Structures are given as C-alpha cells and as structure tokens.
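Here is a short set of exercises to work through with the model open beside you. Try each task before you read its solution.

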Amino acid sequence: MAKNRSRRLRKKMHIDEFQEIGFSVTWRFPEGTSEEQIDKVVDDFISEAVEPTGLIFGGSGYLAWEGLVCKQEVGHCNEEDQARVRKWLEEHQLEEVRVSELFDIWWD
C-alpha cells in the first residue's frame, strides 16, 4: 500500500524523486607501488573518470582501495557510468578491479 508522504519527508528519507543510485568499486595497486604513484593515480582517477561525468567518489585505501561512486547531484548512476569507471581503472593496470551492481546508496 503506497503512502502519501510530503516532499520534505521524501527528501529526508531519500526516496521517490530523491532516491540516489550508485555502485561500489574496489581495486588493488601492484605490490611495491609508491605512495606518490598511488596519490597520482587516485587524483587522476577522480579528475579524469569521476568528476567530468558528474560523479563523486568516496573511498579509502593504500594498496587495496574500496569506495562508493554516485552522482554529485541527487540522481541515478547507470551502466555507462559503471563501464566508464571499470574501463579507466583497468586501462591504468590496476588489479582485481570490481564494480558492483547498481544499488540504492541510502537503503541497500
């Protein structure tokens, strides 16, 4: 049974028109990668693969990284976003690249 919720409540609950769909991503740097190389690759990842397409990345790691990718504005990521992120990571010789299925970042 559908509930009638006010716009304010839908926004607070991140549902309906305020739902946000994203995906998780993990990868590994090869053993022996220096901190400077890691910093450069992560900075390049954000400036080349994430931000220009209206996405945002939140994550952390050292040799093994994991994080969440979603839209900068309220919205839904799609399969093209997933493919673009995966392709960029694989083209930069990162290992064990995994991109999850799309999911509701607030409720899943």
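**Exercise 1. Two unusual backbone angles**

Is Glu 96 buried, partly exposed or exposed? Place the residue in its element, then do the same for His 14.

*Solution.* Please keep in mind throughout that this is a predicted model.

- Step 1: The relative accessible area of Glu 96 is 45%. Buried would need under 20% and exposed over 50%, so Glu 96 is partly exposed.
- Step 2: Glu 96 belongs to strand E4 (residues 95-99). Its phi is positive, near 50 degrees, although Glu 96 is a residue other than glycine.
- Step 3: His 14 also is not a glycine and has a positive phi, of about 55 degrees. Its place is the loop between helix H1 (7-13) and E1.
- Step 4: With a relative accessible area of 19%, His 14 is buried.

**Exercise 2. A pair of tryptophans**

Find out how the rings of Trp 27 and Trp 65 are arranged, and which parts of the chain they link.

*Solution.*

- Step 1: A pair of aromatic rings is described by the distance of the centres and the angle of the planes.
- Step 2: A search of the whole structure gives 5 aromatic pairs. For Trp 27 and Trp 65, the ring centres are 5.8 Å apart and the planes are at 0 degrees, so this pair is stacked.
- Step 3: The pair links distant parts of the chain, since Trp 27 sits in strand E1 (residues 21-28) and Trp 65 in strand E3 (residues 64-71), 38 residues apart.
- Step 4: Both Trp 27 and Trp 65 are buried. They belong to one aromatic cluster together with Phe 45, Phe 57 and Trp 88.

**Exercise 3. The two sides of a helix**

Check the length of helix H2 (residues 35-50), then work out where its buried residues lie.

*Solution.*

- Step 1: H2 has 16 residues, and at 1.5 Å a residue it should span 22 Å. Its end C-alpha atoms are 21 Å apart, which agrees.
- Step 2: The buried residues of H2 are Ile 38, Val 42, Asp 44, Phe 45, Ala 49 and Val 50. They cover an arc of only 165 degrees around the axis, so they lie on the same side of H2.
- Step 3: Glu 36 and Lys 40, on the other side of H2, are exposed.
- Step 4: The cover over the buried residues of H2 includes E1, strand E2 (55-61), E3 and helix H3 (79-91).
- Step 5: Take Asp 44 as one of these buried residues. Leaving aside residues up to four places away in sequence, Asp 44 touches Ala 49 and Trp 88. Asp 44 and Trp 88 are 44 residues apart in sequence, and their C-alpha atoms are 9.9 Å apart in space.

**Exercise 4. A hairpin**

How many bridges join E2 to E3?

*Solution.*

- Step 1: E2 and E3 run antiparallel and are joined by 7 bridges.
- Step 2: The hairpin between E2 and E3 passes through 2 residues.
- Step 3: Gly 58 stands opposite Leu 68 in E3.

**Exercise 5. A buried arginine**

Which residues does Arg 10 touch, not counting residues up to four places away in sequence?

*Solution.*

- Step 1: Arg 10 lies in helix H1 and counts as buried, at 18% relative accessibility.
- Step 2: With that exclusion, Arg 10 touches Arg 5, Ile 15, Asp 16, Glu 17 and Phe 18.
- Step 3: A polar atom of the Arg 10 side chain lies 2.6 Å from the backbone oxygen of Arg 5.

Terms used
Residues numbered from 1 in each chain as written. Predicted model: local features only at pLDDT ≥ 70, side-chain atom pairs only at ≥ 80, totals over all residues. Heavy atoms only, no water. Phe/Tyr/Trp six-rings, centres within 6.5 Å; stacked < 30°, edge-to-face > 60°. Helix = DSSP H or I, 4+ residues; strand = E, 2+ residues; numbered from the N terminus. Buried < 20%, exposed > 50% of the residue type's maximum accessible area, 1.4 Å probe, protein only. Expected span 1.5 Å × (residues − 1). Arc of directions from axis to C-beta. Contact = heavy atoms within 4.5 Å. Pairing = 2+ DSSP bridges. Polar contact = N/O pair within 3.5 Å; in protein donor to acceptor, adjacent residues only side chain to side chain.
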